[in-house]
Amino acid sequence: SQAENEVFRGRPSVSANGVQVELAANIGSAQDAVQAKKHDAEGIGLFRTEFLYMGRDTLPGEDEQYGAYRSAAEALGPDASVVIRTMDIGGDKELPLLELPREDNPFLGYRALRISLDRPQLFKTQLRAILRASAHGNIKVMFPMVATLGEWRRAKALLEEAREELRAEGKPFRDDMEAGIMIEIPAAAMMADRLAREVDFFSIGTNDLVQYTMAADRMNPKLSYLSDPLHPPVLRLIDRVIRAAHAEGKWVGMCGEMAGNPLAVPLLLGMGLDEFSMSSSAILGTRALLSRLNQSELAELAAAALDLDSADDVRALVEQRVPQAA
Ligand code: PEP
Ligand code: MG
């Protein structure tokens with residue numbers, strides 16, 4: 001219950017056998033960061049910055065964005081990790097201002113980093129704002145919808161250009177700001193071993209990873225039996241991504257809905273996920289659940305789940321073996 005969960009306020013997020021993870025919040029504005037702090041988020045695992053661009057007549061400039069990112073970081077405190085995702089316009093999120101061409105398959109189209117790389121000025125404005133805000137907290141930048149190593153490298157090169165510009169202008173920023181990518185396209189999950197050599201971290205975006213793996217539109221209620229993160233093919237990709245990151249000494253988070261799903265948490269903990277990012281209201285309940293889980297037993301449970309035939313079988317296995325999650 002909510003009252004029982006309150007006991008976990010201010011406590012670290014640790015499993016029954018002492019394995020510590022980070023519980024972070026997903027936000028869409030600087031104000032949400034204040035709510036996240038109230039719900040005892042340890043950090044921000046996903047700042048969806050596209051909402052800064054939507055529903056207005058002009059694009060947000062560098063100073064306005066800098067202000068928003070800085071206040072999010074300040075709301076959480078100087079040490080809290082705050083992951084700012086560059087804008088993810090397209091798919092279901094429209095931005096008429098950019099006058100994007102109409103597409104038959106917007107989820108397979110011109111969106112997110114694909115737009116940013118095509119419009120370097122727009123992208124660099126955002127990167128400069130994020131870098132400047134990094135002087136005020138533990139900010140990290142994350143690129144959405146990466147499919148190839150080339151896209152990551154081009155994004156990284158533009159980030160370096162933004163750094164050089166700011167250096168030349170004498171504007172402060174954090175030199176060691178981490179840069180990572182979302183893993184939400186199966187191509188990137190399959191290349192995670194290569195990507196892990198170059199990025200600072202991964203965050204698994206299961207909302208899109210499930211949609212692209214199962215070829216099922218995440219908005220279509222008729223396909224809900226396919227839009228289930230417990231499908232073994234999805235679990236196999238996630239397991240692969242976590243292993244690939246850890247083999248290179250990099251941390252892995254998850255910022256899709258799955259990270260706050262009580263039936264999924266035992267499996268993700270068993271696979272070794274480092275950071276779980278969810279809606280703020282789920283944080284204390286997830287911390288309470290974690291405290292009742294034994295990570296060493298769950299590694300075996302996760303391995304067994306990868307070997308099952310269906311999402312229903314996985315659900316039944318977790319319900320039976322981890323009754324506290326059901
Ligand atoms: C995801 O795809 O899982 C994700 C977190 O990003 P969004 O829901 O914003 O597409
Ligand atoms: Mg996504």
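**Exercise 1. The shell around ligand 1**

Find which secondary-structure elements each supply at least two residues of the shell around ligand 1.

*Solution.* Start with the elements: β3 (43–48) and α10 (206–214) each supply at least two residues of that shell. Keep in mind that this is a predicted model. Next, list who sits around ligand 1: L46, R48, D88, E184, G205, T206, N207, D208, C255 and G256. Now ask where the largest share comes from: α10 gives three residues. Last, sort the shell by class, and you get two nonpolar, four polar and four charged residues.

**Exercise 2. How enclosed is α10?**

Work out which residues of α10 are buried, and what covers them.

*Solution.* Step one is to pick out the buried residues, using the cut-off of 20 or more other C-beta atoms within 10 Å. In α10 these are T206, D208, L209, V210, Q211, Y212, T213 and M214. Step two is to draw the conclusion: eight of the nine residues are buried, so α10 is largely enclosed by the rest of the structure. Step three is to look for the cover, which includes β6 (179–183), α8 (186–190), β7 (201–204), α11 (232–247) and β8 (251–254). Then glance just past the helix, where A215 takes a positive phi of about 50°.

**Exercise 3. Two helix pairs**

Describe how α6 packs on α7, and how α2 packs on α4.

*Solution.* Take α6 (residues 120–133) and α7 (residues 149–169) to begin with: their axes are 9 Å apart and the packing angle is about 60°. That angle makes α6 oblique to α7. The crossing of α6 past α7 is right-handed. On the α6 side, the contact involves P120, F123, K124, L127, R128, L131 and R132, and these meet L158, L159, E161, A162, R163, E165 and L166 of α7. Sort the residues of this contact and you find eight nonpolar, no polar and six charged. A bit of helix geometry helps with reading such lists: an α-helix has 3.6 residues a turn, so residues three or four places apart point the same way.

Now turn to α2 (residues 30–38) and α4 (residues 62–76), which pack at about 5° with their axes 8 Å apart. Here the cut-off is under 35 degrees, so α2 is roughly parallel to α4. From α2 come A30, A33, V34 and K37, and from α4 come A68, S71, A72, A75 and L76. By class, that contact has seven nonpolar, one polar and one charged residues.

**Exercise 4. Three loop residues**

Decide for E99, A112 and R174 whether each is buried, partly exposed or exposed.

*Solution.* Go through them one by one.

- E99 lies in the loop between β4 (81–85) and α5 (113–118). With 6 other C-beta atoms within 10 Å, E99 is exposed. Its phi is positive, about 50°, although E99 is not a glycine.
- A112 is in the loop between β4 and α5 too. A112 has 26 C-beta neighbours inside 10 Å, so it counts as buried. Its phi is near 55°, a positive value in a residue other than glycine.
- R174 belongs to the loop between α7 and β6. With 16 other C-beta atoms within 10 Å, R174 is partly exposed. If you leave aside neighbours within four places in sequence, R174 is in contact with S134 and A135. Finally, check I139: R174 and I139 are 35 residues apart in sequence, and 8.6 Å apart in space from C-alpha to C-alpha.

Key
Residues are numbered from 1 along each chain as its sequence is written. Chains are lettered from A and ligands numbered from 1 in the order in which they are written. This is a predicted model: local features need pLDDT of at least 70, side-chain atom pairs count only at pLDDT 80 or more; totals for chains, interfaces and linings use all residues. A residue is near a molecule or strand if its C-beta atom, placed from the backbone, lies within 6 Å of it. Helices (H or I, at least four residues) and strands (E, at least two) are DSSP runs, numbered from the N terminus. Ala, Val, Leu, Ile, Met, Phe, Trp, Tyr, Cys and Pro count as nonpolar, Asp, Glu, Lys and Arg as charged, and the others, Gly among them, as polar. Axes are lines fitted to C-alpha atoms, for helices over the stretch in contact, and angles run from 0 to 180 degrees between N-to-C directions. Angles under 35 degrees count as roughly parallel, over 145 as roughly antiparallel, 65 to 115 as roughly perpendicular and the rest as oblique. A crossing is left-handed if the near helix is turned anticlockwise from the far one by less than a right angle, and right-handed if clockwise. Two residues are in contact if their C-beta atoms, placed from the backbone, lie within 7 Å. A residue is buried if 20 or more other C-beta atoms lie within 10 Å of its own, exposed if 12 or fewer, and partly exposed in between; C-beta atoms are placed from the backbone.
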